[in-house]
Amino acid sequence: MRLAARVAVLAVLYVLLAKLGLRFATVGSSVTLVWPPTGLALAALTLFSLQLWPAIAIGAFVVNATTAGVGVATAAGMAAGNTLEAVVGFWLLQRFNFRGQLDRVRDVLVLTAVAGAISTVVSATIGSLSLLAGGLIPPSKLALTFRVWWIGDLMGDLIIAPALLCWSARSEAPSRRSRWEVAALSIALLAAALSALAQPHSTRPYLVFPPLIWASLRFGPRGATAGLLTVSVITVWLTATGHGAFATPALGDSLIALHAFMASVALTSLFMGASTAERARALRVRENFISIASHELRTPLTSFRLHTQRILRWLQRDTTVPIDTITSSLLKMDGQIERVTRLLDDVLDLTRLRVDKIALHIENVDLCQLVAQVSDSLKDALANAGCTLALNCPPRPVVAPCDRVRCERLMINLIGNAIKFGQGSPIEVAVVDSPQNVSIVVSDHGPGIATAEQERIFGEFQRVGGGQATSGLGLGLYIAREIVQAHHGQISVEPAVSGGAAFKVVLPREVVPGTV
């Protein structure tokens, strides 16, 4: 019933927006340069589910079937094109891992250049051919109909979809700008739009850019999409009523000129808003890294200093200290030095990943032997944590092409992660051989990882729980993922059979040499 309700609501909204757009029809009564339902349909499928596609089909059919001169068969063909357009756009967004917050430049590029420009060709093609087959347009107007249809749908994806997607998605860092600034920006935007665009044949339409840039820089993607939608509504209304800088005797020519202007406004605002969000996110990551790094480095250095001062006091007192006591303190100091070394190795690997890249030296490696060597090097860490490690390998060697040094680093990170979160519990490492690939599964019996965090933990500076109580810089799993992807493999995490978490690495039998 919830799905049916959503389908009904979306269908009604689609019909209302479509009827509004058809008031500006320029080719017959069915083709318009103002078609907001395209953006509504794409945003609805992206925000909710592909299961809502019947709403688009129903809404598009009702709109076209109730338009003067359009037959049932023609309306069905046009509705099929509109529905397929939204489905193709949704599929393209999913294919490129699109995020509705529009807080990355790549997301704006995917929405505008990939989903917007490509999916709209589907509807324009099918719709134009349906009108031609129904005898509503002559063959000489087929190209014009396609162009008008495509531009109208594209503008819906550029203006309506970004606003719906951005304001419906959860923002990582909500804007805390003052209400006075919001009010001042709104007044400036309305004043610039009305003064620059209200006069016929005005040469000042670009006065809207300063307030739009203000909105993008200060309020990020939400400010950019809100300002863009505001300017779009004002300019379309003025142009449609015969006023404004783009008004001409022919409505079609007016809207073509308007859309050329609005396309530049939309791209500028969206890309600037995404760039602002990326910069703000980079600053937050830097501050978070400094906080974590200072905490993680201070802990071992404090312990190291305490042990050093203890040994100095023993020497100053000139008393006989048992050699076992001194050895114990030195071993603890050595452990803290090793901890600092691991932290610095993570930072060094991160720097190489970002700047220099790490060249892979591919060779045939026995993965069972590699895992055994890594577990032997971590025996002290296992003993200190009270963990045991069981290695399950086939009786024959499991050989795969990979970079030995990088794969050792990969296993150190995964087993080290199991030691950290599986304190006092056994750890199992299984190497599975198959004709297509080789899998390594590292399982622990710790608290496990929530489903919502299973993707997040592979990011930079991401730690399970996210608090100061969690040790480490949050780089181990990120580096592990980069190493696996450089080998054209896959890494994932899922609940272990007996509780805890199981990290699975799948490496192909053949690896194309490259860089991390």
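## Worked exercises on a predicted model

L229 touches I159, I160 and A163, leaving aside residues up to four places away in sequence; contact here means heavy atoms within 4.5 Å. Before going on, some ground rules: this is a predicted model, where local features need pLDDT of at least 70, side-chain atom pairs count only at pLDDT 80 or more, and totals for chains, interfaces and linings use all residues. Residues are numbered from 1 along each chain as its sequence is written, and side-chain values use heavy atoms, with hydrogens and water left out.

**Exercise 1. Place L229 in the structure and say how exposed it is.**

Step one: find its element. L229 sits in helix α8, residues 209-240. Helices are DSSP runs of H or I with at least four residues, strands are runs of E with at least two, and both are numbered from the N terminus.

Step two: check the surface. Its relative accessible area is 30%, so L229 is partly exposed. The scale goes like this: buried is under 20% relative accessible area, exposed is over 50%, and partly exposed is in between (1.4 Å probe, protein chains only).

Step three: look along the chain. L158 is 71 residues away from L229, yet their C-alpha atoms are separated by 9.7 Å.

**Exercise 2. Get an overview of the chain.**

Start with the elements: there are 14 helices and nine strands. Next, burial: 46% of the 516 residues count as buried. Finally, take the contacts with a separation of 6 or more: residues 24 or more positions apart account for 73% of them.

**Exercise 3. Work out the strand order of the five-stranded sheet and find its edges.**

First, the pairing rule: two strands pair if DSSP finds at least two bridges between them. Strands of a sheet pair through backbone hydrogen bonds, either parallel or antiparallel.

Now read across. The order is β4-β6-β7-β9-β8, in an open sheet with mixed pairing. β4 (389-392) and β8 (490-495) are at the edges with a single partner strand each, so one side of each has no neighbour in the sheet. From one strand to the next, the twist averages 15 degrees; angles run from 0 to 180 degrees between N-to-C directions, and axes are lines fitted to C-alpha atoms, for helices over the stretch in contact.

**Exercise 4. Follow β7 and its partners.**

Take β6 (residues 427-433) to begin with: six bridges join it to β7, and the two run antiparallel. A hairpin of three residues links β6 to β7. One pair to look for is V432 with its bridge partner S439 in β7.

Then turn to β9 (residues 501-508). Seven bridges join it to β7 (residues 437-443), again an antiparallel pair. I440 stands opposite V505 in β9, and S443 has A502 as its bridge partner there.

Last, burial: five of the seven residues of β7 are buried, so the strand is largely enclosed by the rest of the structure.

**Exercise 5. Describe how α11 and α13 pack.**

Two packed helices are described by the angle between their axes and the distance between the axes.

Here, the axes of α11 (residues 367-377) and α13 (residues 404-421) come within 10 Å and cross at roughly 55 degrees. That makes the helices oblique to each other: under 35 degrees counts as roughly parallel, over 145 as roughly antiparallel, 65 to 115 as roughly perpendicular, and the rest as oblique. The crossing is right-handed, meaning the near helix is turned clockwise from the far one by less than a right angle, whereas anticlockwise would be left-handed.

To see who meets whom, pick out L370, V371, Q373 and V374 in α11, which meet R404, C407, E408, M411, I412 and I415 in α13.

**Exercise 6. Find two residues with a positive phi and say where they sit.**

Some background: most residues other than glycine have a negative phi, and most peptide bonds are trans.

The first case is N97, with phi near 55 degrees. N97 follows α4 and lies in the loop between α4 and α5 (105-133). At 56% relative accessibility, N97 counts as exposed.

The second case is H488, whose phi is near 60 degrees. Look for H488 in the loop between α14 (476-486) and β8.
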